[in-house]
Amino acid sequence: MCLSQSALNVSKLHDDLLTLSPHVRPEKDLTRPTVVNVSFHLMSIVSLDIVGQKLVSNGWMGVTWQNDYLTWNPTDYGGVKSIIPPGDRLWRPQLTVENTVKECKPVGEEYVVMHVYNSGLVAWFPAERFETMCKVSVTFFPFDIQRCTWQLFVWGDNAETVVLQAVNRHIDLELYQENGEWNLIASNAWMERKGPDAFQFLYLTYEATLRRRPTLLFLTVLLPICTLSFVNVFVLTIPSESGERLAYAMTSFMSFGVNMSYMVDLIPFSPHTVSILAIILACQLIGSGLYVLLCILSLQLFHRDPHNHPIPPTLQTLTIGLELLLCLDPPPQPRHVVHTEVEEVSSDSPGDPQGTEVKGSRLQGLLTRCARKRKVRGEEYTQDMTWQRVSRSLDKLLFRFFFSVSLIAGLSFITVMACYYYGSRQVGRQRVRPASHVWSNSIKVPQG
């Protein structure tokens, strides 16, 4: 078979140049380190395993270095400016991913594509399916942000022989395909030295900042929790005489239990952190159980017989205080007056317009002054003191207290999540670098 002149020229190039052992560094002066330029091109994020702390991704690298032994004059070989030699005939850096969860071995061993240019520039493009360790924090789930890295080093060569150098301060995303669950908002790259002083390695670390897309989880997780939490508080407003109060409380408690069993499969588990949402769910379940106990207590007070269990004077005073504090009206139809141990004496104080004051406990005096400010007589609140009034005052106090606590807790949770979410967007904008930004004196691949 006859070969073309171009094929003969390429074959002659291979015979003339590919004579050096692939185990020898391509430096005529071996006291000088070999500079290896690396650019990382991410193609897709396959999955992020929260429990296993593992990121699965697809990508390839552009690796270039200078080979002093692979230079030629194109005119001597019919204008041939580049060749594609076999991968096992040339030296190449044993580039390895340190934080892999698979077998630790150099990348690009299965399929090697290398280009050699007449200037001595060698370009290598290894592609891999990376499975790397990623420390995950689920504190702010479903508004969590994860930072995952790919840590590269040259196996067997220290910083004195091979110098890793990043082409850009970011991951190249030109061929990146968007992930349905995670949004890549920023990337970064840096170099560092690791190891003992006598034998240090240069590490090149690429970092990707991933933010979860929270829309679906907000509709299926947060919205039901907020709705149940808001509705559950109103169990304290149902009248005790309706007979439906305890049934409503038990229904709400069971709804929280069913909802929590469903959330267990949705909220990711991390061995390092606990989700704020999981803590809130546990608090809501405990609160719902507390509402059931409070409803039982209130119903017991409401149906208590006053003849067998008279109301203690201290409890009467506290009930009147709650009615004044909560702005509750006195009983509309007084049937009898409950006499309390109150003694009226003349007052020597010139500032008292009534000339008398209620003498007894300080709390009773405070209640009298509050009644005057509301322009009602204090005696109206001491009439018709029943266990129903005690139960009503307790229900009003508990409703306002738990409603305030739920409202403050909900607003605080939303504020923290919003600050974390929108703050991360600003951080992401600051960390993103334009694709043309170069921060090292890298060797450029000739065009054309």
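Is Val-221 buried or exposed, and at what relative accessibility? Select Val-221 to begin: at 0% relative accessibility it counts as buried, where buried means under 20% relative accessible area, exposed over 50% and partly exposed in between, with a 1.4 Å probe and protein chains only.

**Before going further**

The model is predicted, so that local features need pLDDT of at least 70 and side-chain atom pairs count only at pLDDT 80 or more, while totals for chains, interfaces and linings use all residues. Residues are numbered from 1 along each chain as its sequence is written, and side-chain values use heavy atoms, with hydrogens and water left out.

**The whole chain**

Colour the chain by secondary structure, and seven helices and 13 strands can be picked out; helices (H or I, at least four residues) and strands (E, at least two) are DSSP runs, numbered from the N terminus. Of the 448 residues, 43% count as buried. Among contacts between residues at least 6 apart in sequence, 77% join residues at least 24 apart, a contact being heavy atoms within 4.5 Å. With the surface displayed, the protein chain exposes about 24,700 Å², of which carbon and sulfur atoms supply 59%; accessible areas come from the Shrake-Rupley method with a 1.4 Å probe, and for residues only the protein chains shown count as cover.

**Around Val-221**

Return to Val-221, whose place is in helix α2 (residues 215–233). Not counting residues up to four places away in sequence, Val-221 touches Met-263, Leu-266 and Leu-277. Add Asn-259 to the selection: the C-alpha atoms of Val-221 and Asn-259 are separated by 9.1 Å, although the two are 38 residues apart along the chain.

**The nonpolar cores**

Next, select Leu-48, Leu-95, Trp-150 and Tyr-206, which have the most contacts inside the largest nonpolar core, a set of 58 residues. A nonpolar core is here a set of buried Ala, Val, Leu, Ile, Met, Phe, Trp, Tyr and Cys residues joined through side-chain atoms within 4.5 Å. Strand β1 (residues 34–49) supplies the largest share of this core, six residues. Apart from it lies another core, of 11 residues, among them Val-233, Val-235, Ala-249 and Leu-398. For a closer view, centre on Leu-95, which, leaving aside its neighbours within four places in sequence, is in contact with residues including Met-61, Val-63, Trp-124, Phe-153 and Leu-164. In soluble globular proteins, nonpolar side chains tend to be buried together.

**Two backbone details**

Move to Gln-53, in the loop between β1 and β2 (54–66), where phi is near 55°, a positive value in a residue other than glycine. At 11% relative accessibility, Gln-53 counts as buried. Then go to Phe-141 and Pro-142, which are joined by a cis peptide bond with omega about 5°; Pro-142 is found in the loop between β7 (127–133) and β8 (145–154).

**A nonpolar patch on the surface**

Show the surface again and select Leu-246, Met-250, Phe-253, Met-254, Leu-290, Leu-293 and Ile-296, which make a nonpolar patch of about 590 Å². Patches are made of residues with over 30% relative accessible area and no salt bridge, with like charges joined within 9 Å and nonpolar side chains (Val, Leu, Ile, Met, Phe, Trp, Tyr) within 5 Å; a salt bridge is a side-chain nitrogen of Lys or Arg within 4 Å of a carboxyl oxygen of Asp or Glu. The elements that give two or more residues to the patch are α3 (245–266) and α4 (276–302), and α3 gives the most, with four residues. Met-250 lies in helix α3 and is partly exposed, with a relative accessible area of 36%.

**Helix α5 and what lies beside it**

Finally, select helix α5 (residues 313–325), whose 13 residues reach 18 Å from first C-alpha to last, close to the 18 Å expected at 1.5 Å a residue, the expected span being 1.5 Å times one less than the number of residues. Among its buried residues are Gln-316, Thr-319, Ile-320 and Glu-323. Leu-315, also found in helix α5, counts as partly exposed at 26% relative accessibility, and touches Trp-387 and Val-390, not counting residues up to four places away in sequence. Met-385, in the loop between α6 (362–373) and α7 (387–431), is buried with a relative accessible area of 5%; its C-alpha is 8.9 Å from that of Thr-319, with their positions 66 residues apart in sequence. The tour ends at Cys-327, which follows α5 and has a positive phi, near 60°.
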